[in-house]
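The exercises below are meant to be worked through with the sequence and the coordinates open side by side. Each one sets a task and is followed by a solution in steps.

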Amino acid sequence: GALALDFLGSALVGLLACCAAATLAFTFISIRLARRRGGTLLPLNLFPEPLRGVVEWLPFGAMVYGPARNLVTFDACFFVEMCVRQGVTLALLGLAATLVFRAGTRRLNINGG
């Protein structure tokens, strides 16, 4: 699930090339968000309570923190919860990627032979 989320996030950044000339800035932003909000630098358990509720439902926590926590200390209840989060996030990111792809193909203008 985490690999599929990472792929869809990268695909969304790549699809932004239809709207922007360069996507390098978007790539840097997504990497920084994944590190800071995904639990790489600071575990999600250490975030303050109002912020923790928001950060746990971002796709970065389902990509980084959830799989790492399950690997270190397996908890069946948390595993099921993480699978549900990943499924919901996969559906939302898949829908977003589809919409951005359709919008990009409408704007696409191919020249040459």
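## Exercise 1: Two residues of one helix

Task: in this predicted model, locate L92 and decide whether L92 is buried, partly exposed or exposed.

Solution. Begin with the position in the chain: L92 lies in helix α5, which covers residues 76-107. Next, take the relative accessibility, which is 55% for L92, and compare it with the cut-off of over 50% for an exposed residue; L92 therefore counts as exposed. Finally, consider the spatial relation to a residue remote in sequence: L92 and L8 are separated by 84 residues along the chain, while their C-alpha atoms are 10.0 Å apart.

Task: repeat the analysis for V88, stating which accessibility class applies to V88.

Solution. V88 also belongs to helix α5. Its relative accessibility is 41%, so V88 counts as partly exposed. As for distance, V88 and P59 are 29 residues apart in sequence, with 9.5 Å between their C-alpha atoms.

## Exercise 2: The packing of α1 on α5

Task: describe how helix α1 and helix α5 are arranged, and determine which residues make the contact.

Solution. First, the geometry: helix α1 (residues 2-15) packs against helix α5 at an angle of about 20 degrees, and their axes are 10 Å apart. Because angles under 35 degrees fall in that class, α1 is roughly parallel to α5. The crossing in which α1 passes α5 is left-handed. Then, the residues: α1 contributes A2, A4, L5, L8, L12 and L15, whereas α5 contributes Q86, T89, L90, L93, G94, A96, A97, V100 and F101. Sorted by character, the residues of this contact comprise 12 nonpolar and three polar ones, with no charged residue.

## Exercise 3: The packing of α1 on α4

Task: carry out the corresponding analysis for α1 and α4, asking at what angle their axes cross.

Solution. The axes of α1 and α4 cross at roughly 145 degrees and come within 9 Å. The handedness of this crossing is left-handed. On the side of α1 the contact is made by A2, L5 and D6, and on the side of α4 by P59, A62, M63 and P67. By class, the contact of α1 with α4 consists of six nonpolar residues and one charged residue, with no polar residue.

## Exercise 4: The surroundings of N70

Task: establish whether N70 is buried or exposed, and name the residues it touches beyond its sequence neighbours.

Solution. N70 sits in helix α4, which spans residues 59-72. With a relative accessibility of 11%, which is under the 20% cut-off, N70 counts as buried. Once neighbours within four places in sequence are set aside, the contacts of N70 are with D75, F78, F79 and M82.

## Exercise 5: The chain as a whole

Task: summarise the overall architecture, and say where the confidence is lowest and where it is highest.

Solution. The secondary structure comprises five helices and zero strands, which gives the pattern α-α-α-α-α along the sequence. Of the 113 residues, 24% count as buried. Among contacts with a separation of 6 or more, 53% join residues 24 or more positions apart. The mean pLDDT is 82, with 89% of the residues reaching 70 or more. Confidence is lowest in helix α2 (residues 24-37), where the mean is 74, and highest in α5, where it is 90. Where pLDDT is low, the predicted coordinates should not be read in detail.

Terms used
Residues are numbered from 1 along each chain as its sequence is written. This is a predicted model: local features need pLDDT of at least 70, side-chain atom pairs count only at pLDDT 80 or more; totals for chains, interfaces and linings use all residues. Side-chain values use heavy atoms; hydrogens and water are left out. Axes are lines fitted to C-alpha atoms, for helices over the stretch in contact, and angles run from 0 to 180 degrees between N-to-C directions. Helices (H or I, at least four residues) and strands (E, at least two) are DSSP runs, numbered from the N terminus. Angles under 35 degrees count as roughly parallel, over 145 as roughly antiparallel, 65 to 115 as roughly perpendicular and the rest as oblique. A crossing is left-handed if the near helix is turned anticlockwise from the far one by less than a right angle, and right-handed if clockwise. Contact means heavy atoms within 4.5 Å. Ala, Val, Leu, Ile, Met, Phe, Trp, Tyr, Cys and Pro count as nonpolar, Asp, Glu, Lys and Arg as charged, and the others, Gly among them, as polar. Buried means under 20% relative accessible area, exposed over 50%, partly exposed in between (1.4 Å probe, protein chains only). pLDDT is the predictor's confidence in each residue, from 0 to 100.
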